[in-house]
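User: I have a model open and would like to go through it with you piece by piece. Could you keep the answers plain?

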Amino acid sequence: MMRAIRSGARSARSLAGRWARGLRSSFPKRLPNMPWGAFQRLHTRAAASEAGGSGASLLARALSRRPKAAVAAGAAVLASVAVGCRTAMAKDILHDLKLKYAFDVTTLKDDMKINVNDARRILKNYYPHFIWLDMTEDKFFLPLFDAYDKDGNGWINKFQLEDMIRRFNGHSGSTSYTIIAAPGMENFANSLVDADPDRFTYFPTDWAKFPDGSDNITVGGFRPVNRIRDENILFLASFHNNDVTLSQFYVLTMLAESFPKDLTILLPFYPTATMERVAKEGTCATANTLARFFGGLPRSGRPHRVMCYDLHTLQNRFYLQGSALASLHTAFPLLLERIPSTSIDSVAFPDDGAQKRFGSYFKRSHPDLELVVCGKKRDQYDPMKRTVVVKEGSAQGKHVVIVDDMVQSGGTLYECAKVLRAEGASSVSAFVTHGIFPRNSWKRFCKGGDRAIFENFFVTNTNPQVTDQLPENECFEVLDIKELVIKDL
């Protein structure tokens, strides 16, 4: 009998070596760095013991001595299958080994069944720093497992486990955020939570005033449990007037001093971007001043991230230094997605600068669109007067959309639209990222207004205090930047 066992061991030794080398090359990051001799002896012992018929107990003892070599021992079990062991038993053992020691769910088979204990163990391997309290499991893990186990059979598959891992990490592997919103940004905060409640948590803030008009602000997220400390904070800013701007810097300073893990400031519209330089001495470059306010915020680790969309002058980003750095984004993908559902077949730029900045977006995504470039030309009889002309391209018979980063009173857009219509455009629309419309100048573009020339006037909600007032039954269409923000974060 001993001779038979030794013979089986010799046969298993060779096969175990082959299987071990193959499995070791397949899982180079999963196996420990141990001497090859000890590595192969463990395989041989397990394989030989399986051939002798007492593999389950001896394999368990081998694993208890070297638990980190579990996958290696699993290779020996497969090798023993090749010398006549029971296939079902070997597969079951390897299944348990992979579940017990898997740090990468992608190594599991697609049809593998994973029970609640296995799922909990693997999640702990992914999150060794996570504090697994009973409250945490009751609040997150167990309800999530039950949601995937729709049939109530007590197990989930590999793909459901992968999705659980993504959801535990926020959304698609992204960071989770605690949201604090400025006055006027509360609806946007709620929309982010509605879009992805696993990733965003919003705590309202009381922006109250004392009788003398000074601020009496109480920021949410501190009581009854501190959800600011060691968390990723997303502050939704809106500098639509000087009063709320100063109030928000009070709060930003306090948040930066509250030991957050990270502070991201979403300022979709940077209102002072048009005042980044001066033409005469004594004029205040407010873009520089605002950037210094950001740069002077207390540091809480790495620099604070200030997210802006379609900054009017790109050099503004270099004004942000010290504690805060700019993160520039664009809302033009919203128009690119909207164009196929319209009759728009041409894009016009009000000047050369807009064409250089935004022209590449349309060339890449919609190469068939006709590009038209407008510009201002001095009147030969009156040098102080400038008129808009078409410099490049043809608008003949086209539905043209004029694009720019922002609109104030809309005079430039209106003059461009008149010229394009005179050049034969069948209809004209407009798109801007930021709608400012001081003194309700948007009313001039409505039906009956003196600038009612646009078929569609697309604008995003980067300045919600204005866009919330735009009527729905007019030419205006407000495009929501919510999905862009979620993606750009």
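User: Let's start with a single residue: is Thr467 buried or exposed?
Analyst: This is a predicted model, and in it Thr467 counts as buried, with a relative accessibility of 5%. Thr467 is placed in helix α15, which covers residues 464-467.

User: And what is Thr467 in contact with, leaving aside its neighbours within four places in sequence?
Analyst: With those neighbours set aside, the contacts of Thr467 are Val459, Thr460, Asn461 and Val478. Strand β17, an edge strand of an open sheet, covers 476-479.

User: What is the strand order in that open sheet?
Analyst: The sheet has seven strands in the order β13-β12-β11-β14-β15-β16-β17, and the pairing is mixed. At the edges are β13 (386-392) and β17, each of which pairs on one side only, while the twist from one strand to the next averages 25 degrees.

User: How many bridges join β14 to β15?
Analyst: There are eight bridges between β14 (residues 399-407) and β15 (residues 427-435), and the two strands run parallel. One of the pairings involves Ile402, whose bridge partner in β15 is Ala430.

User: Which strands does α13 lie across?
Analyst: Helix α13 lies across β11 (346-349), β12 (370-378), β13 and β14, and its direction is at about 155 degrees to β11.

User: Changing topic to aromatics, how many pairs are there?
Analyst: The count comes to 19 aromatic pairs. One of them is formed by Phe239 and Phe294, a stacked pair with 6.0 Å centre to centre and 25 degrees between the planes.

User: Where do Phe239 and Phe294 lie?
Analyst: Phe239 is in the loop between β7 (232-236) and α10 (242-256), whereas Phe294 belongs to helix α11 (residues 286-295), so their pairing ties together parts that are 55 residues apart in sequence. Phe239 is buried at 6% relative accessibility, and Phe294 is buried as well, with a relative accessible area of 0%.

User: Why is the pair of Phe358 and Tyr361 called tilted?
Analyst: The planes of Phe358 and Tyr361 are at 40 degrees, with the ring centres 6.2 Å apart, and that angle is neither under 30 degrees, as stacking would need, nor over 60, as edge-to-face would need, so the pair counts as tilted. Both residues are in helix α13 (residues 352-365), where being three residues apart separates them by about one helical turn.

User: Which of those is buried, and which is partly exposed?
Analyst: Phe358 is buried, with a relative accessible area of 2%, whereas Tyr361 is partly exposed at 22%. Phe358 and Tyr361 also belong to a cluster linked by ring pairs, together with Phe332, Phe349, Phe362 and Phe431.

User: What lies over the face of Phe259?
Analyst: That is Arg229, at 4.8 Å from the ring centre of Phe259.

User: Before I use any of this, what does the pLDDT average for the chain?
Analyst: The protein chain averages a pLDDT of 78, and 71% of the residues score at least 70. Over residues 22-35 the pLDDT is below 50, although this stretch has 21 contacts in the model beyond near neighbours in sequence. Residues 128-136 are also below 50, with ten such contacts. Where pLDDT is low, the predicted coordinates should not be read in detail.

User: And the chain overall, how many helices and strands?
Analyst: The secondary structure comes to 16 helices and 17 strands, and 47% of the 489 residues count as buried.

Methods. Residues are numbered from 1 along each chain as its sequence is written. This is a predicted model: local features need pLDDT of at least 70, side-chain atom pairs count only at pLDDT 80 or more; totals for chains, interfaces and linings use all residues. Side-chain values use heavy atoms; hydrogens and water are left out. pLDDT is the predictor's confidence in each residue, from 0 to 100. Contact means heavy atoms within 4.5 Å. Rings of Phe, Tyr and Trp (its six-membered ring) pair if their centres lie within 6.5 Å; planes under 30 degrees apart count as stacked, over 60 as edge-to-face and the rest as tilted. Helices (H or I, at least four residues) and strands (E, at least two) are DSSP runs, numbered from the N terminus. Buried means under 20% relative accessible area, exposed over 50%, partly exposed in between (1.4 Å probe, protein chains only). A charge sits over a ring if NZ of Lys or CZ of Arg is within 6 Å of the ring centre and within 35 degrees of the ring normal. Two strands pair if DSSP finds at least two bridges between them. Axes are lines fitted to C-alpha atoms, for helices over the stretch in contact, and angles run from 0 to 180 degrees between N-to-C directions.
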